[in-house]
Every structure is written in C-alpha cells, then in structure tokens.
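Work through these short exercises with the structure in view. Try each task before reading its solution.

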Amino acid sequence: MPRPAIVTIHLPAIRHNYAIAQSKVQSKVWAVIKANGYGHGIEAVFKALPHADGFALVEVDNAVQLRALGWCGPILLLQGFFDRMDLSVIIKHNIEVVVHSDWQIELLKHWYDNEARLETHHPIRIHLKVNTGMNRLGFSPDKVAQAYQALLALKKVEIVTLTAHFANADQAQIDALEVSVLDQLRQFESAHGAIKQKTGVSLSNSAAILLHGAIQNDWARAGIMLYGGTPSNSASIDVYLQPAMTLSSEIIAVQTLQKGDKVGYGSRFMAEEAMQIGVVACGYADGYPRHAIDGTPILVEGVRTRMVGRVSMDLITVDITHIPNAQIGSPVVMWGKGLPIDEVASYADTIGYELMCGVTKRVRVLLEEA
Ligand SMILES: *Cc1c(COP(=O)(O)O)cnc(C)c1O
C-alpha cells in the first residue's frame with residue numbers, strides 16, 4: 001500500500017478563484033504560476049484555466065513546459081531573462097518579459113547587435129518595471145523615461161505595460177513607517193507621466209485585487225488568491241475564495257497515554273490527563289511545517305483537534321481523545337477543505353504561501369477535476 005500522504009488539487013476551486021479575480025478588476029488577469037503554481041503544479045493550473053488571459057511566472061524552463069502542454073496564449077516572465085541564453089528561448093517560444101535593470105537592456109542591445117536574426121522573429125513584448133518604493137526590482141521613477149527610450153531604440157520591441165509591485169497592499173491600516181499603496185501609486189504616476197507614449201499598466205497583486213479594487217490595471221496579477229489563500233494572515237478577506245489544495249493523510253497508529261506521559265522528540269508535549277494520541281503519516285519531509293506549535297489545528301474524521309508534540313520527518317501526533325471514532329485508517333486533513341491554510345500557517349509563524357510551495361515530491365498528487 002502506498003503511503004497515505006496525499007495532496008489533492010481542486011481544479012474547480014482554481015477556476016472559481018480566477019473568476020473572482022476577473023470580476024474584481026476590469027482588466028485582463030495574469031494567472032501567476034511561479035514556484036510550480038505555488039506548489040499546485042503547472043499542469044494542474046493549466047488544466048484548471050485553459051482559457052486564462054495569460055500565465056506569469058519566473059522560471060524559464062516552466063514557461064517552456066507550459067508551451068509544451070499546448071498553451072499558445074501570453075506567458076510573462078515576471079523577472080525577465082537571467083542571461084543571454086534565455087533570450088533565444090524567449091524568442092523561440094514567444095514569451096513576454098519584465099525588464100527591471102540596466103544590465104538587461106545592455107544584454108538586449110548586445111543580443112540585437114550580434115545574434116538576433118531580426119527578419120525571423122516577432123517583436124519582444126516588454127513590461128518595464130518601476131521601483132515605486134519596495135526597492136527590490138525596477139527603475140526608479142526618474143530613470144524610467146531613459147530606460148523606455150533605450151528600449152525603443154532597439155529594433156523589434158514592443159513595450160506593453162509599465163509595471164510595479166506593492167509592498168503593503170494587504171494592510172488595511174498603514175503604519176506611518178510603511179510604504180503605502182498611495183505612496184507607491186504616486187511614484188508610479190510620476191514615472192508614467194514622464195514617458196510620452198501611452199503604455200498599459202500592471203499594478204495589482206492578489207492583495208490589491210481584493211482590497212484596492214479601484215486601482216486601474218490593464219493586466220492584474222493574481223497569485224495567492226487563485227489558490228484560495230489570503231495575502232496576509234491578518235487581512236480579513238471575505239470573498240469566498242475556495243481552497244485549491246488539501247493536504248491529507250491517515251492515522252497509522254494509536255497510543256494511549258497516562259497523565260505525565262510525553263510525546264515525540266524532545267518530549268515537548270506532556271499529557272495533562274489520560275489521553276489518546278493518533279500518529280499521522282505526514283511530517284516535515286512532506287512539507288508540514290516543523291515549527292508548528294502544540295495546538296496547531298488539524299482535522300481528524302472531519303473533527304477539529306490539535307497537533308501535539310514536535311513535528312518529525314515522517315510523522316505528526318494529534319490529540320484524538322475527544323474523537324471516539326478516530327482509529328487506525330481515519331482520514332486526517334492538515335490543511336485545505338475545512339481548515340484554512342492561513343490558519344495553520346499562523347501557528348507555524350509563517351504564511352500560507354510558504355506552506356503551499358513547500359509540499360514535497362514524495363507526496364502523491366491527486367487532481368480533482370470536478
Ligand atoms: C508573485 C507575484 C505576484 C503575485 O502575488 P500574490 O500576492 O501571490 O498575488 C504578482 N506580481 C509579481 C511581480 C510577483 O512576483
């Protein structure tokens with residue numbers, strides 16, 4: 001019998017969540033599928049969204065994989081190309097790119113001068129990134145016009161959007177020290193105003209789509225919301241997103257404890273009274289967070305209970321004292337349907353994004369198609 005740890009990907013949920021993104025912004029929506037579709041699998045997300053407006057990611061090889069799966073529509077590399085070799089792949093597969101730094105423009109220039117066979121390829125579609133205060137990628141607003149001109153001077157490019165990324169779109173209230181959405185919009189507008197030609201605009205991530213619907217986009221970028229996660233554990237977002245991933249397993253052993261008995265490595269948990277412990281075939285080598293504390297919620301037989309004791313590589317231990325029908329073979333849900341991933345994440349001092357991305361290869365994948 002195979003190990004019972006299974007990750008179920010709910011394709012209708014992804015479809016539902018994408019439709020919510022589209023209904024929130026009156027624009028096209030990139031379905032963001034970096035990090036293997038936030039751990040859901042590129043193929044699964046593509047299967048769920050065969051009519052998406054476009055897919056955005058950061059890994060060139062997965063972009064090529066998406067073409068091989070039969071996707072002919074727009075693909076965007078959110079960080080553009082990483083080296084010269086990527087450029088021929090991008091041309092060959094008609095992939096759009098973000099340009100965020102001078103070195104990328106230099107590389108393009110060099111490539112056009114030396115390697116491009118201009119007659120044989122279509123224009124490279126470029127999304128020019130503005131650094132509006134997050135200070136990771138992008139040109140500062142006063143450098144954008146210059147970068148824009150340098151790109152236009154290349155032959156066969158098309159500048160599709162001016163784009164930027166929010167640092168705090170998930171915050172309902174902004175601390176005076178934080179960079180607000182409004183600050184960033186002001187920076188963006190100064191960059192946009194400085195270029196003469198009209199380009200499209202791509203600003204909103206999931207948080208902005210859900211909480212700042214008035215922001216205008218030609219292309220919004222929906223990541224976490226596609227998967228039914230919320231952009232931050234603190235955001236109260238009530239838009240009926242559906243979880244796209246359920247991590248489940250089974251109880252494979254039961255222990256009866258007396259008051260004072262300890263559980264697992266380091267004996268972190270001690271029974272305060274007689275209790276029943278279910279031992280579940282799922283551990284940190286499956287992607288369950290090792291930092292989860294005693295009391296982290298978990299479902300056994302659909303009943304909410306608590307994980308207790310240190311998480312080990314292959315096993316976790318759960319309190320089943322008050323679930324009389326819990327036994328060997330009982331289904332256990334670590335997160336997903338019936339237990340929001342964000343809630344589990346908060347008990348492990350992390351975010352749903354990290355849990356989704358962290359499910360490991362040894363966990364069997366089940367696609368739920370309808
Ligand atoms: C990952 C990413 C997104 C999606 O962010 P979510 O918070 O998951 O919606 C959007 N834009 C860029 C540039 C990204 O890298």
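**Exercise 1: Polar contacts of the ligand**

Task: Find how far a polar side-chain atom of Lys34 lies from an oxygen atom of the ligand.

Solution: The model is predicted. In it, a polar side-chain atom of Lys34 lies 2.6 Å from a ligand oxygen atom. Next, take Tyr38: one of its polar side-chain atoms is 2.5 Å from an oxygen atom of the ligand. Then turn to the backbone. A polar backbone atom of Gly223 sits 3.0 Å from a ligand oxygen. Each of these pairs can be checked against the cut-off of 3.5 Å for a polar contact. Finally, look at cover. On its own, the ligand has 390 Å² of accessible area, and the protein covers 92% of this.

**Exercise 2: The shell**

Task: Sort the residues around the ligand into nonpolar, polar and charged.

Solution: Start with the names. The surrounding residues include Val32, Leu78, Lys129, His165, Arg221 and Tyr353. Now sort the shell: 5 residues are nonpolar, 4 polar and 3 charged. Last, place the ligand. The space it takes is the largest pocket.

**Exercise 3: An aromatic pair**

Task: Which parts does the pair of Phe55 and Trp71 tie together?

Solution: The structure has 9 aromatic pairs. In one of them, Phe55 and Trp71 meet edge-to-face, with 4.9 Å between centres and 85 degrees between planes. Phe55 belongs to strand 3 (residues 54-57), while Trp71 is in the loop between helix 4 (60-68) and strand 4 (75-77), so the pair links parts 16 residues apart in sequence.

Note on methods:
Residues are numbered from 1 along each chain as its sequence is written. This is a predicted model: local features need pLDDT of at least 70, side-chain atom pairs count only at pLDDT 80 or more; totals for chains, interfaces and linings use all residues. Side-chain values use heavy atoms; hydrogens and water are left out. A residue is near a molecule or strand if one of its heavy atoms lies within 4 Å of it. A polar contact is a pair of N or O atoms within 3.5 Å; within protein, one must be able to donate a hydrogen and the other to accept it, and residues adjacent in sequence count only if both atoms are side-chain atoms. Accessible areas come from the Shrake-Rupley method with a 1.4 Å probe; for residues, only the protein chains shown count as cover. On a 1 Å grid over the protein atoms alone, a cavity is a set of points where a 1.4 Å probe fits but cannot get out, and a pocket is an open set with protein on both sides within 12 Å along at least five of seven lines; lining residues have an atom within 4 Å of a point. A molecule sits in a cavity or pocket if more than half of its atoms lie within 2 Å of its grid points. Ala, Val, Leu, Ile, Met, Phe, Trp, Tyr, Cys and Pro count as nonpolar, Asp, Glu, Lys and Arg as charged, and the others, Gly among them, as polar. Rings of Phe, Tyr and Trp (its six-membered ring) pair if their centres lie within 6.5 Å; planes under 30 degrees apart count as stacked, over 60 as edge-to-face and the rest as tilted. Helices (H or I, at least four residues) and strands (E, at least two) are DSSP runs, numbered from the N terminus.
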